[in-house]
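Student: I've got a structure open and I'd like to talk through where its ligand sits. Can we go over it together?

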Amino acid sequence: MSTVTDRPLAILGGTFDPVHLGHLRVAWEAAEFLGADVHLMPANVPPHRAQPVASAAQRVAILRAALQGQERLILDQRELRREGPSYTVDTLVALRKEIGATRPVVLLVGADAFSGLPSWHRWRELFDLAHIGVLTRAGHEIIESPELSGQIGTRRTNSPAQLRQSANGAVIEIRVSALEISATQIRHELAAGREPRYLVPAGVLAEPELLAPYRR
Ligand code: ATP
């Protein structure tokens, strides 16, 4: 059993090509709601998927600039340090080896991704390693297959305090602001020679070379 003094560690994975205010606002709201630190964890993209425009090092540099001036959202490069793409279950096993079994860990997933959870590698084991925080936005409701419902029926909680009482195994819905911002939109703006002001943090725009990979 964990103790109530264990501050949850939440994880928001993504390509972050580039990170934008939609990501950061969601991560911040999750941090506030859960009383957690949120690790932003950029992913290696599998070879069969469209590759990010920016390299891992470039995406990391943008994240660093974006996260300046606050301490609750933390860059976590563990997936980039491993060769090739990582299964989430392997990432969580590695994280548990590092932080131990008792600290609450919350895997943050969008409602769409959560609906597809039964297709993830060794998905049932995820609940032995972490809680799952489902980020819901208006218009992105959770669609549950019977397989998913069967697994999460008794795991649901509405209480962040309850989540802090155990290390893993619960599912909590986290209602977040719907900021209609995507990395795709930002890449298009930059490729068209426009500046994505108010879509990415000012600290990122202050260093124009950071977004150079996306300019034509
Ligand atoms: P792209 O446009 O390249 O597909 P993206 O903006 O969706 O990228 P990702 O890096 O794929 O960014 O997203 C990482 C995580 O952040 C995902 O869980 C995704 O659902 C979530 N996310 C992305 N954009 C938003 C947003 N505007 N509001 C809330 N969550 C978001």
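Tutor: Sure. Before we talk volumes: a pocket here is an open set of grid points with protein on both sides within 12 Å along at least five of seven lines, and its volume is the space filled by probe spheres set on those points. Keep in mind that this is a predicted model.

Student: With that in hand, what is the volume of the largest pocket?

Tutor: Picture the probe spheres set on the grid points of that pocket; the space they fill is the volume. For the largest pocket this comes to about 1,600 Å³.

Student: Which residues that line the largest pocket are closest to its centre?

Tutor: The lining is made up of 50 residues. They divide into 26 nonpolar, 18 polar and 6 charged. Elements giving two or more residues to this lining include β1, α1 and α9. Closest to the centre are G13, G14, T15, A113 and W120.

Student: And the ligand, which elements give two or more residues to the shell around it?

Tutor: The space the ligand takes is the largest pocket. Around the ligand there are 15 residues, with H20, H23, L179, A183 and T184 the closest. That shell splits into 5 nonpolar, 8 polar and 2 charged residues. The elements giving it two or more residues are β1 (9–14), α1 (21–34) and α9 (183–191).

Student: Which residue has a polar backbone atom 2.7 Å from a nitrogen atom of the ligand?

Tutor: Let's go through the backbone contacts, using a cut-off of 3.5 Å between N or O atoms. A polar backbone atom of F16 is 3.0 Å from an oxygen atom of the ligand, and a backbone N or O atom of A183 lies 2.8 Å from a ligand oxygen. Those two involve oxygen on the ligand side. The ligand nitrogen, at 2.7 Å, pairs with a polar backbone atom of L179.

Student: How much of the ligand's area does the protein bury?

Tutor: Start with the ligand taken alone, which exposes 600 Å². Of that, the protein buries 75%.

Student: Back to F16: what is its phi?

Tutor: F16 lies in the loop between β1 and α1. It isn't a glycine, yet its phi is positive. The value is about 50°.

Student: Is the peptide bond from D17 to P18 cis or trans?

Tutor: P18 is in the loop between β1 and α1. Omega for the bond from D17 to P18 is near 0°. That peptide bond is cis.

Methods
Residues numbered from 1 in each chain as written. Predicted model: local features only at pLDDT ≥ 70, side-chain atom pairs only at ≥ 80, totals over all residues. Heavy atoms only, no water. Near = heavy atom within 4 Å. Polar contact = N/O pair within 3.5 Å; in protein donor to acceptor, adjacent residues only side chain to side chain. Areas by Shrake-Rupley, 256 points an atom, 1.4 Å probe, with all protein chains shown as cover. 1 Å grid on protein atoms, 1.4 Å probe; cavity = no way out; pocket = protein on both sides within 12 Å on 5 of 7 lines; lining within 4 Å. Sits in = over half its atoms within 2 Å of the grid points. Helix = DSSP H or I, 4+ residues; strand = E, 2+ residues; numbered from the N terminus. Nonpolar A, V, L, I, M, F, W, Y, C, P; charged D, E, K, R; others polar.
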